Amino acid sequence: MYIEELELKDYRNYHDLTVTFENNVNVILGENAQGKTNVMESIFVLAMAKSHRTSNDKDLIRWDTDYAKIKGRLQKINGSVPLELIISKKGKKAKFNHIEQQKLSRYVGNMNVVMFAPEDLHLVKGSPQVRRRFIDMEIGQVSPVYLYDMSQFQKILQQRNNYLKQLQIKKQSDITFLQVLTEQYIEVAVRVIKKRFEFIQMLEKWAKPIHSGISRGLETLSIQYKPSIEVSEDTDWSKMVTVFAEKVDTLMQREIDRGVSLIGPHRDEIVFYVNGRDVQTFGSQGQQRTTALSVKLAEIDLIYSEINEYPILLLDDVLSELDDYRQSHLLNTIKGKIQTFVTTTTIDGIDHQTLREATTFNVRSGVMERVK
């Protein structure tokens, strides 16, 4: 798949932009704070209905305006389809093929993107929350059911935490209602955990050979999902529910004392190992970067294996963060295979045929113009 045309209306620093792209590598050049990343972000938001940079949708709306609009024309195997997302202070409206989607979980997944930005290099060494957010967003692209389950989990988690807080401060005393909430909580949490196990297995399958290639066969990557209960990918559904229920039972008084849910998908962790050693703790910066790059490139193959189309790749100011060898490996991987957007202040010093043959745009003060 590839995006043929993008329209922005009052998005960030863009008042009105219409631009067409080629189904190859599109390089967006410009100094810092001119709007390069805003274009990249808008493509991501059009696909995911949320930003990778902010959780506050109001940040996406141009100063002193009421709403922002992103429109795109997407070319897929079965033809060209329009997408539209309107972001206002009241919420979001999403249309796919001119039809408004009542739930965003039905909209997300029609357009698939893989974003690789400097902050993704912190995927390995950052907090567990960074890694949980990563897998939630990636699974959501290929599984609308997972998006729905995660939404349900967040609602029940909030309800449960609120009630635990009420019990903590003695405003409530009815344990029966907590038990009802807990049953619902366990049911949806197990669905999330099951899907995460499946995803991590697929991700490792695709990332392992990529990492081996980048490391010239010297390193073996493995990825492990560690939920906050004692289960594995081989644990069946009913056993997982039982283990979860028993763990909650032992922790319930502590949860009431603290006013918060102590186990669940919001407490889980993903660990990356190189040659059997935890990369976050024992890996060099080079190993951490190779792991992050391998995982991002694996996403491309994973999405293709699920939907039979390559996603759109967004490389936001990341080439300058990689050494020549990793740059070459990345550019060789994408060459002629996937529509790619690259933002950078300059391509000087990056001697690669893929960039020399790319379509190039200049961005200055919220104006974007095609150079070649």
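Is Arg 73 buried, partly exposed or exposed, and what is its relative accessibility? In this predicted model, Arg 73 has a relative accessibility of 32% and therefore counts as partly exposed, since that value lies between the 20% limit for buried residues and the 50% limit for exposed ones.

Arg 73 is a useful place to begin a walk through the charged pairs of the structure, which holds 19 salt bridges. Side chains of opposite charge can pair when their charged atoms come close. The side chain of Arg 73 forms a salt bridge with that of Glu 4, with a distance of 3.1 Å from N to O. This pair links distant parts of the chain, as Arg 73 belongs to strand 4 (residues 67–76) and Glu 4 to strand 1 (residues 2–11), with their positions 69 residues apart in the numbering. Glu 4, for its part, has a relative accessible area of 17% and is buried, because the limit for that class is under 20%. The pairing also extends to another residue, for salt bridges that share partners join Glu 4, Glu 5 and Arg 73 into one network.

Ser 80, which lies in strand 5 (residues 79–88), adds a further strand to this picture. When residues up to four places away in sequence are left aside, Ser 80 touches Glu 4, Arg 73, Leu 74 and Gln 75, and a polar contact of 3.3 Å joins its side chain to that of Glu 4. Ser 80 and Ile 3 are 77 residues apart in sequence, while their C-alpha atoms are 9.3 Å apart in space. At 39% relative accessibility, Ser 80 is partly exposed.

Strand 1 also contributes Asp 10, which forms a salt bridge with Arg 62, the closest N and O atoms being 3.6 Å apart. Here too the pair links distant parts of the chain, with Asp 10 in strand 1 and Arg 62, 52 residues away, in the loop between helix 1 (36–48) and strand 4. Asp 10 is buried, with a relative accessible area of 9%, whereas Arg 62, at 29%, is partly exposed.

A further salt bridge connects two helices. The side chains of Arg 191 and Asp 149 meet at 3.1 Å, N to O, and this pair joins helix 6 (residues 175–214), which holds Arg 191, to helix 5 (residues 144–168), which holds Asp 149, across 42 residues of sequence. Arg 191 is partly exposed, with a relative accessible area of 28%, while Asp 149 is buried, with a relative accessible area of 7%.

Note on methods. Residues numbered from 1 in each chain as written. Predicted model: local features only at pLDDT ≥ 70, side-chain atom pairs only at ≥ 80, totals over all residues. Heavy atoms only, no water. Salt bridge = Lys/Arg side-chain N within 4 Å of Asp/Glu carboxyl O. Helix = DSSP H or I, 4+ residues; strand = E, 2+ residues; numbered from the N terminus. Buried < 20%, exposed > 50% of the residue type's maximum accessible area, 1.4 Å probe, protein only. Contact = heavy atoms within 4.5 Å. Polar contact = N/O pair within 3.5 Å; in protein donor to acceptor, adjacent residues only side chain to side chain.
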